[in-house]
Amino acid sequence: MERSTTNSVTIAALSTLLAFPAWAHHSDAGLDMENVVTFEGTVTAFHWRNPHVYFTVATEGENGESVEWALQMGSTITVSRMGWNRDTLSPGDRVTVHAHQATDGRPYGYLDSVDRMGGLATGETFREPVETVPASSLEGRWLARLSEVPRYPGGFDGFWLAHLTFTEKGQAALDSYDPFSAENPESQCIGRPTPAMIVSSTRYPMEIEFLDGGDVIEIRSQYWDEVRTVYMDGRDHPDSAERFPSGHSTGYWEEDTLMVDTRNFTDHRSPYQIGVPSGGQKRVMERYTLIEGGTRMAVEFVLEDPEYLAEPMTHARELIHVPQLAMTPFDCDPDATNMFRMELEQ
């Protein structure tokens with residue numbers, strides 16, 4: 001079908017602008033990320049919810065039958081940073097959709113872009129954060145600049161696949177994982193524990209706060225509303241039998257660098273979104289250092305999990321101080337996060 005441009009405005013989707021084609025919670029498995037289908041139709045619903053914005057479009061099939069497509073986007077938080085809001089699309093809008101379709105042929109896809117007939121859309125470009133006032137310490141809100149982080153085909157999935165080396169058990173778990181099934185933790189609004197908050201810092205800010213005179217540090221992520229308490233009072237980790245969804249974190253200072261040691265993680269089926277689990281042997285070591293006069297923070301982590309990972313993984317990046325960004329709640333909606341499974345079962 002010809003791409004319609006008359007009296008229309010193109011509303012670019014998150015995947016196109018960021019060149020991360022699949023930050024979907026079920027990953028790019030089951031989606032044809034190499035090709036784009038194009039069709040015209042009428043918006044029947046627009047769901048402004050987390051972890052993903054969805055809208056549905058009624059169109060005509062090849063044989064003249066009525067077909068309703070479900071189109072998935074990023075979260076309300078990331079889509080808002082493009083200028084979208086809950087009123088950007090409305091039922092009745094005529095649109096031309098460009099999407100990556102499910103490989104099984106059902107009318108479900110990850111949005112590439114959409115042309116809306118008539119009216120104006122806001123914010124057609126992704127807004128990169130800029131350095132503002134410097135921080136006097138590690139306390140504050142921090143975000144990576146997308147343009148400074150290497151890109152990987154498959155986005156979040158591709159990042160982990162490029163950096164992790166799996167044991168036989170880890171590879172078997174990856175090969176058997178069905179992201180469209182109930183075993184996907186995100187279908188139950190179960191997020192991904194650290195170091196996911198660092199890897200996701202291109203989209204979701206992190207916040208560091210010193211409490212109790214510095215004896216406790218809280219590290220929060222807007223991503224899945226994760227909160228970690230870092231104990232700085234010299235205590236040890238509890239017995240390995242006592243485990244926590246975000247792990248148990250202890251910290252100490254090496255001159256001006258905050259060192260954080262996190263262990264005692266609860267078992268998680270897919271902490272890297274690719275189906276490789278983590279368990280009781282997982283450990284994450286992090287380093288946080290203020291640099292460039294407080295406008296930036298250098299972050300590094302080492303991830304170990306000998307049960308599933310054949311060797312440790314190390315990653316480093318810089319985050320900029322972004323006090324102007326609000327830590328709005330992620331508030332995962334069970335209906336929205338489970339929508340891909342409902343579409344699959346129809």
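These exercises work through cores, a barrel, buried polar residues and salt bridges in one predicted model.

Residues are numbered from 1 along each chain as its sequence is written, and side-chain values use heavy atoms, with hydrogens and water left out. In this predicted model, local features need pLDDT of at least 70 and side-chain atom pairs count only at pLDDT 80 or more, while totals for chains, interfaces and linings use all residues.

**Exercise 1. The cores**

Find which residues touch the most other members of the largest nonpolar core.

*Solution.*
- Start with the terms. A nonpolar core is a set of buried Ala, Val, Leu, Ile, Met, Phe, Trp, Tyr and Cys residues joined through side-chain atoms within 4.5 Å. Buried means under 20% relative accessible area, exposed over 50%, partly exposed in between (1.4 Å probe, protein chains only).
- The largest core has 42 residues, and W160, L164, I219, Y288 and L303 touch the most other members.
- Elements giving it two or more residues include α3 (156–163), β9 (216–221) and β13 (283–291). Helices (H or I, at least four residues) and strands (E, at least two) are DSSP runs, numbered from the N terminus.
- A second, separate core holds 20 residues, among them V43, F55, M82 and L111.
- Now zoom in on W160. Not counting residues up to four places away in sequence, W160 touches P195, V199, Y272, I274, F301, L303 and M313. Contact means heavy atoms within 4.5 Å.

**Exercise 2. Barrel and helix**

Trace the strand order of the closed barrel, then place α3.

*Solution.*
- The barrel has 9 strands, in the order β7-β8-β9-β10-β11-β12-β13-β14-β15, with mixed pairing. Strands pair if DSSP finds at least two bridges between them.
- Neighbouring strands are turned by 30 degrees against each other on average, direction ignored.
- β10 (residues 227–231) and β11 (residues 248–254) run parallel, joined by 2 bridges. V230 stands opposite S249 there.
- α3 lies across β14 and β15, at about 140 degrees to β15. Axes are lines fitted to C-alpha atoms, for helices over the stretch in contact, and angles run from 0 to 180 degrees between N-to-C directions.
- F156, D157, G158, F159 and W160 of α3 are buried. The buried residues of α3 pack against α5, β14 and β15.

**Exercise 3. Two buried polar residues**

Identify the side-chain partners of E286 and N184.

*Solution.*
- E286 lies in β13 and is buried, at 0% relative accessible area. Its side chain makes a polar contact with the side chain of Y288 (2.5 Å).
- A polar contact is a pair of N or O atoms within 3.5 Å; within protein, one must be able to donate a hydrogen and the other to accept it, and residues adjacent in sequence count only if both atoms are side-chain atoms.
- N184 sits in the loop between α4 (168–176) and α5. N184 is buried too, at 1%.
- The side chain of N184 makes a polar contact with that of Y177 (3.5 Å). A polar atom of the N184 side chain also lies 3.0 Å from the backbone oxygen of P179.

**Exercise 4. Salt bridges**

Classify the partners in two salt bridges, R283 with D261 and E292 with R296, as buried, partly exposed or exposed.

*Solution.*
- A salt bridge is a side-chain nitrogen of Lys or Arg within 4 Å of a carboxyl oxygen of Asp or Glu. The count comes to 19.
- R283 and D261 meet at 3.0 Å, N to O. R283 in β13 and D261 in β12 are 22 residues apart. R283 is partly exposed at 26%; D261 is buried at 7%.
- E292 and R296 have their closest N and O atoms 3.8 Å apart. E292 is exposed at 51%; R296 is buried at 8%.
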